[in-house]
Amino acid sequence: MMAHHRLASTPDTVRFGMFDAAFDPVLAVNSGDSVTVECVSGGPEVMPSAGSPYAIPPALQAIHDSDPPRIGPHILTGPIAIAGAEPGDLLEVRIEAIEPNNDWGYCAVRPLAGTIPEDFPDRYVSHIAVDAQRGVCKPDWGPELPLAPFFGTMGVAPPAKYGRLSSREPREHGGNMDNKELVAGSTLYLPVWVPGANFSVGDGHGRQGDGEVCVNALEMGLTGTFTFVLHKAADIAPFAWPRAETPTHDIVMGFNEDLDLAMKQALRNMIDFITARSALTRVQAYQFCSLAVDFRVTQTVNGEKGVHALLQKGLLF
């Protein structure tokens with residue numbers, strides 16, 4: 001029987017900026033179970049100052065007060081183990097719902113980071129009001145914008161040979177993909193690298209433009225509900241990189257520190273996707289990509305840059 005679980009972000013259930021195959025899970029579930037995860041966002045350096053109209057959520061303050069070890073920028077809740085998952089399997093993550101759990105977020109520029117750090121050498125942090133009921137946010141310096149919440153970082157444990165990784169760079173285990181297409185109603189597919197898969201989530205974004213050029217989106221606390229479905233290796237084609245689908249599109253991704261190479265990887269992954277699901281040859285699939293697939297810059301700020309390819313459903317299959 002499928003079960004529903006709830007997981008809060010506490011000093012005992014989060015890792016600050018780290019993925020590691022050696023991390024023990026904080027929750028174990030079965031395939032078909034769903035989990036509601038209450039995520040928080042932001043280190044002490046981007047919190048509102050005293051006298052600000054914005055309050056630091058108690059759960060986030062408790063994590064700060066615990067002074068956890070930190071490598072990368074994201075507070076990740078998990079890992080969540082899925083019973084029976086083994087290397088070579090595929091984890092389907094259905095993103096059922098995403099809701100803001102805070103009335104503000106932030107967007108920051110910091111030295112030596114971003115797409116054009118040479119133009120913006122000074123730290124600049126904006127705290128941005130969020131009206132979840134109306135579904136909008138508004139920086140005090142600019143126009144009101146609609147919310148489009150998603151989690152910038154979702155991933156399983158990486159291959160054990162990598163050891164401890166910063167959460168900054170997206171890789172074959174997923175992680176900091178910053179793909180704004182992954183809203184509620186979409187599905188993420190991740191290759192499994194360790195027993196249990198060990199899924200973690202965080203880096204809530206209230207909205208983001210493709211590229212995420214200044215380093216941050218609207219960074220904020222989000223609560224997400226996920227259903228986990230395990231596909232065994234014997235029942236699937238070999239699969240080595242994250243992919244996703246929305247109600248309207250199939251999506252594959254490419255990551256590399258060189259944006260040109262990220263584009264090439266996304267293109268090759270889409271050619272593989274098309275040829276595995278049709279009678280097209282590779283050269284025909286290459287031409288089809290040029291005719292019908294949209295390639296977008298996911299982000300240019302995470303060390304490993306991202307490109308995602310969108311194939312509209314119904315054009316080919």
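This report walks through a predicted model, starting with its largest pocket and moving out to the strands, a helix and a few backbone oddities.

**The largest pocket**

Let's start with the empty space. The largest pocket has a volume of about 420 Å³. Its lining is made up of 19 residues, and those that lie nearest the centre are Pro238, Phe239, Arg243, Phe273 and Arg277. Sorted by class, the lining has 13 nonpolar, two polar and four charged residues.

Which elements supply at least two residues each to that lining? They are β7 (90-100), β19 (249-256) and α2 (259-276). Of the contributors, α2 gives the most, with four residues.

**Around β19**

β19 deserves a closer look, as one of the elements in the pocket lining. This strand is mostly covered, with seven of its eight residues buried. It pairs with β18 (residues 243-245) in the antiparallel sense through three bridges, and the two strands form a hairpin with three residues between them. Within that pairing, glutamate 245 stands opposite aspartate 250 of β19.

β19 also runs antiparallel to β21 (residues 305-312), joined to that strand by eight bridges. Aspartate 250 turns up here too: its bridge partner in β21 is leucine 311.

Glutamine 312 also belongs to β21. Its relative accessible area is 41%, so it counts as partly exposed. Setting aside neighbours within four places in sequence, glutamine 312 is in contact with Thr248 and His249. As for glycine 185, it sits 127 residues away from glutamine 312 in sequence and 16 Å away in space, C-alpha to C-alpha.

**Strand pairings elsewhere**

Over at β1 (residues 4-8), the side chains alternate. His5 and Leu7 point to one face and are buried, whereas His4, Arg6 and Ala8 point to the other and are not. β1 runs parallel to β5 (residues 34-38), with five bridges between them, and arginine 6 has threonine 36 of β5 as its bridge partner.

There is also an open sheet of four strands, in the order β8-β9-β10-β11, with antiparallel pairing. Its edge strands are β8 (104-109) and β11 (145-146), each of which pairs on one side only. β10 (residues 136-138) and β11 are held in antiparallel register by two bridges, and cysteine 137 has leucine 145 in β11 as its bridge partner.

Here are the individual pairings side by side:

| Strands | Sense | Bridges | A residue pair |
|---|---|---|---|
| β18 and β19 | antiparallel | three | glutamate 245 and aspartate 250 |
| β19 and β21 | antiparallel | eight | aspartate 250 and leucine 311 |
| β1 and β5 | parallel | five | arginine 6 and threonine 36 |
| β10 and β11 | antiparallel | two | cysteine 137 and leucine 145 |

**Helix α1, one side in and one side out**

In α1 (residues 58-66), Leu60, Ile63 and His64 are buried. Why do they end up on the same side of α1? Because they cover an arc of only 100° around the axis. The face turned away from that buried side carries the exposed residues Pro58 and Asp65. Among the elements covering the buried residues of α1 are β2 (14-16) and β6 (75-82). Just after the helix, aspartate 67 takes a positive phi of about 50°.

**Backbone oddities**

β6 brings up another feature, since proline 79 has its place in that strand. The peptide bond leading from glycine 78 to proline 79 is cis, with omega near 10°.

Two further residues are worth a glance for their phi angles. Aspartate 178 is not a glycine, yet its phi is positive, at about 55°. It lies in the loop between β14 (174-176) and β15 (187-191). Is this loop residue buried or exposed? Aspartate 178 has a relative accessibility of 1%, so it counts as buried.

Asparagine 198 is the other one: its phi is near 60°, again a positive value in a residue other than glycine. This asparagine is found in the loop between β15 and β16 (199-205). Asparagine 198 counts as buried as well, because its relative accessibility is 5%, under the 20% cut-off for that label.

Conventions: Residues numbered from 1 in each chain as written. Predicted model: local features only at pLDDT ≥ 70, side-chain atom pairs only at ≥ 80, totals over all residues. Heavy atoms only, no water. 1 Å grid on protein atoms, 1.4 Å probe; cavity = no way out; pocket = protein on both sides within 12 Å on 5 of 7 lines; lining within 4 Å. Points joined across faces, edges and corners; volume = space filled by probe spheres on them. Nonpolar A, V, L, I, M, F, W, Y, C, P; charged D, E, K, R; others polar. Buried < 20%, exposed > 50% of the residue type's maximum accessible area, 1.4 Å probe, protein only. Pairing = 2+ DSSP bridges. Arc of directions from axis to C-beta. Contact = heavy atoms within 4.5 Å.
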